[in-house]
Amino acid sequence: MAEESEHTAAPATGESLLDKIADKLHGHGHDSSSSSDSDSDTKESSSIKDTSSIKDKVFRLFGREKPVHSVLGGGKPADVLLWRNKKISASVLAVATAVWIFFELLEYHLLTLVGHILILLLAVLFLWSNAHTFIHKAPPRIPVVHLSEEPFLQFASALTIELNRGFAALHAIGSGRDLKTFLIVIVSTWILSIVGSWVNFLTLFYIVFVLLHTVPVIYDKYEDKIDPLAEKGLIEFKKQYAVFDEKVLSKIPKGPLKGKLA
């Protein structure tokens, strides 16, 4: 009987050892599979990050990183330029068009218009003030107009700051530090002078005003199609500029302040 019990205990212990080994192997396999799953997850997350970084590096016109609404300054002016409120935008454009037609096509002068408006207002107020006794109505209460100095001082301060920035920019351009910027400004001024010989200031202002109310909204709507075309154009421009720089600009002597400032 003792021998039989020993024989039965031996296989039981053997089976228990086999079960432990199997459990360990199963646990190791589970750990390896979980580690492989975690590796795959990390690879997928890294690939997602890479694709998102690639999307973030999409070329945008003028190197902008903000939406068009933020680039235009945000707020109500940007809403008007992007036609977020179509009634207000259409009204502003209609008023500008009416002013341009009134002064340009009908050839009405500003001083004449101001004079006629003042004559009409003063005549109506005078007649109303003196005719109340005949029509038995109370005389009109004409408010006293008093302008505050603060808005004008703020406007003058802001204008002074911008003028100083403009003078500093002109000084930097004319000193010969950046030949590329100098040529761009010269060509832009030359083009502006040619356009100015074709149209007067009011027509030019109206054209710019209309462009401000049409180009941003078109770009905001079709920016995904415009940006690739702009990128191709910019690459081609850089190639042509590199050739022009190598053949022409590199042979032009730099300004006298170049060495001193460096």
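**Note on a predicted all-helix chain**

1. The structure holds one salt bridge (a side-chain nitrogen of Lys or Arg within 4 Å of a carboxyl oxygen of Asp or Glu). The model is predicted: local features need pLDDT of at least 70, side-chain atom pairs count only at pLDDT 80 or more, and totals for chains, interfaces and linings use all residues. Residues are numbered from 1 along each chain as its sequence is written, and side-chain values use heavy atoms, with hydrogens and water left out.

2. The salt bridge joins the side chains of Arg165 and Glu162, at 3.4 Å from N to O. Both residues sit in helix α7 (residues 149-174). They are three residues apart, about one turn of the helix. Side chains of opposite charge can pair when their charged atoms come close.

3. How accessible are the two partners? Arg165 is exposed, at 55% relative accessible area. Glu162 is partly exposed, at 47%. The cut-offs: buried is under 20% relative accessible area, exposed is over 50%, and partly exposed is in between (1.4 Å probe, protein chains only).

4. A nonpolar surface patch is made of Phe155, Leu159, Leu163, Phe167 and Leu170. Together they offer about 550 Å² of accessible area (Shrake-Rupley method, 1.4 Å probe; for residues, only the protein chains shown count as cover). Patch members need over 30% relative accessible area and no salt bridge; like charges are joined within 9 Å, nonpolar side chains (Val, Leu, Ile, Met, Phe, Trp, Tyr) within 5 Å. Phe155 lies in helix α7. Phe155 counts as exposed, with 57% relative accessibility.

5. On the fold: the chain has twelve helices and zero strands. Helices (H or I, at least four residues) and strands (E, at least two) are DSSP runs, numbered from the N terminus. Of the 262 residues, 10% count as buried. The chain exposes about 21700 Å², and carbon and sulfur atoms supply 69% of that area.

6. Contacts (heavy atoms within 4.5 Å) come next. Among those with a separation of 6 or more, 57% link residues 24 or more positions apart.

7. Confidence needs a check. Mean pLDDT (the predictor's confidence in each residue, from 0 to 100) is 74 for the chain, and 69% of residues reach 70 or more. Among the elements, helix α4 (residues 86-105) has the highest mean, 90, and helix α12 (residues 257-261) the lowest, 46. Over residues 28-38 the pLDDT is below 50, and this stretch has zero contacts beyond near neighbours in sequence. Residues 257-262 also fall below 50, with three such contacts.
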